[in-house]
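Student: Can we go through this one together, sheet and pocket both? I'd like to see how you read it.

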Amino acid sequence: MQDRFLHGNRRQFLAGTSALALSAAAVARGIPAVHAAEDNTIRLALIGCGSRGAGAVADAMSTREMGPIKLYAMADIEKDRMDASHDALREKFGDAIDVPADRRFVGFDAYKKAVDILRPGDVAMCTTRAYIRPIHVEYAVSKGINVFMEKPFAPDPAGLRRLLKAGEEAEKKGVKIAAGLQCRHSPARAALIEKIKSGALGDLICIRANRLEGRAWLGPVGDRANNLLDQLKFGRIHLFWVGSGHFVDYLIHQIDECCWLMDSWPVSCHGMGGREVGSDDHGQNSDVYSLEYTFADGRKAFCGFRRALNGHSEFATFVHCAKKAGQFSGNVHAATVHMFKDQRIANDNIEWSPEPDRFSPWVYEWRDFITSIRTDRPHNECKRAVYSDLTTLMGRAAAHYNRIVTWDEVFNSQFQFCNYLDELNYDSPAPVTADEKGYFPAPAAGQWTEL
């Protein structure tokens, strides 16, 4: 995974406007500034202290010039991992990491303790594995606490439907939700969309989005295979119930880009997938996913995902319009954005490029979120995030079922990989078990259910 601590310069925030001026302006307009009667500090609770959580904290810290912000609480099911994350963050960000031992909570109910000590205007950072995301978001919203939630958002349709309800409750309460589909916050990408809308490329016909990388099999894990806590460690991209599998975890960003470009959600998906010849993967993933999404007007988005040995590498999203082609996204979500002179995609055929993004999309995402909190501007990305994840699950199911799957089919599905998430504890049984040779059940068309 890319080290998300490594970001470039900070974006100038609302040129010529300091954080104090922003707060004063909000008060003048009758909008309550965050914690106006106290110290205006936004306090963060990190729920899930792995690398993605630490990366999200780093992105949040990039907003400090806009006003005070600090990490105030942490929660995890593993104390050692939480303490290691705390020490690394403290070394990098100093006093902005203000989490003494009595505000570091351990256990499956630790998220409640972390949320309960926050105030309105603070943020619960839900960055655990996807399996438990809806429950954590649901609780934070019930307490009136803003939410940042990492992707994927749930591994199955039932979880996403639960999350959708939490988002609807947040809308009623004015609770703000930011979702970890950061590319939506890229100015350069937005500029190409405006070019398309203006007709400069002609009508958008189809999109190609590929993430083609090297092999990533799960090897034998021995007697750890059927232990719940161990599955949570090794299963993020290898077990569907934990983190949705590697296709969803990684390609959801580009599938979301496709829906953004189309300004719509697909009505169906035809998928195909399979494993490498001689595969010794002990996990559940296919190695190759090939998807054809169809939108209501008949336009297509073709999405490919591959993690296999000795293959062509590509990490990019392209648009093909009636007159010209464009590039919308590049390696590791870089804002590599161009309009070409015709359909030939090559550096020597670029006709136009927008002003480059000054910062990573993760930083833009947090600056937009914090601005919304400090000015009490509406900010709820939950429904869009859920729909993007449902679109991705539609593709996963289409490839595993080797057939066409419709939007209605996935949206209305009540399927869930684990039906006792609310009661999980350290002694709970694992929701999926490996066979006597240590292999987990892998999708086989006609024998597999995930909808």
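Student: How do strand E1 and strand E4 pair, and over how many bridges?

Tutor: Keep in mind that this is a predicted model. Find E1 at residues 42–47 and E4 at residues 123–126. They run in the parallel sense, and the count of bridges between them is four.

Student: Which residue in E4 is the bridge partner of Leu46?

Tutor: Start at Leu46 and look across to E4. The bridge partner there is Met125.

Student: What are the edge strands of the sheet?

Tutor: Read off the strand order, E3-E2-E1-E4-E5-E6, in an open sheet of six strands with parallel pairing. An edge strand pairs on one side only. That gives you E3 (104–106) and E6 (177–179).

Student: Which strands does helix H11 touch, and what angle does its direction make with that of E5?

Tutor: Helix H11 covers residues 361–375 and packs on the sheet. Its contacts are E1, E2, E4, E5 and E6. Helix H2 (residues 51–61) lies across E1, E2, E4 and E5, at about 170 degrees to E2. For H11 against E5, the angle is about 170 degrees.

Student: Now the largest pocket: which residues lie nearest its centre?

Tutor: This pocket holds about 530 Å³ of space. Its lining has 15 nonpolar, eight polar and 15 charged residues, and H2, E2, H4, H5 and H8 each supply at least two of the lining residues. Of the 38 that line the pocket, those nearest the centre are Thr128, Arg129, Tyr131, Ile132 and His136.

Key
Residues are numbered from 1 along each chain as its sequence is written. This is a predicted model: local features need pLDDT of at least 70, side-chain atom pairs count only at pLDDT 80 or more; totals for chains, interfaces and linings use all residues. Side-chain values use heavy atoms; hydrogens and water are left out. Two strands pair if DSSP finds at least two bridges between them. Contact means heavy atoms within 4.5 Å. Axes are lines fitted to C-alpha atoms, for helices over the stretch in contact, and angles run from 0 to 180 degrees between N-to-C directions. On a 1 Å grid over the protein atoms alone, a cavity is a set of points where a 1.4 Å probe fits but cannot get out, and a pocket is an open set with protein on both sides within 12 Å along at least five of seven lines; lining residues have an atom within 4 Å of a point. Grid points are joined across faces, edges and corners, and a volume is the space filled by probe spheres set on the points. Ala, Val, Leu, Ile, Met, Phe, Trp, Tyr, Cys and Pro count as nonpolar, Asp, Glu, Lys and Arg as charged, and the others, Gly among them, as polar.
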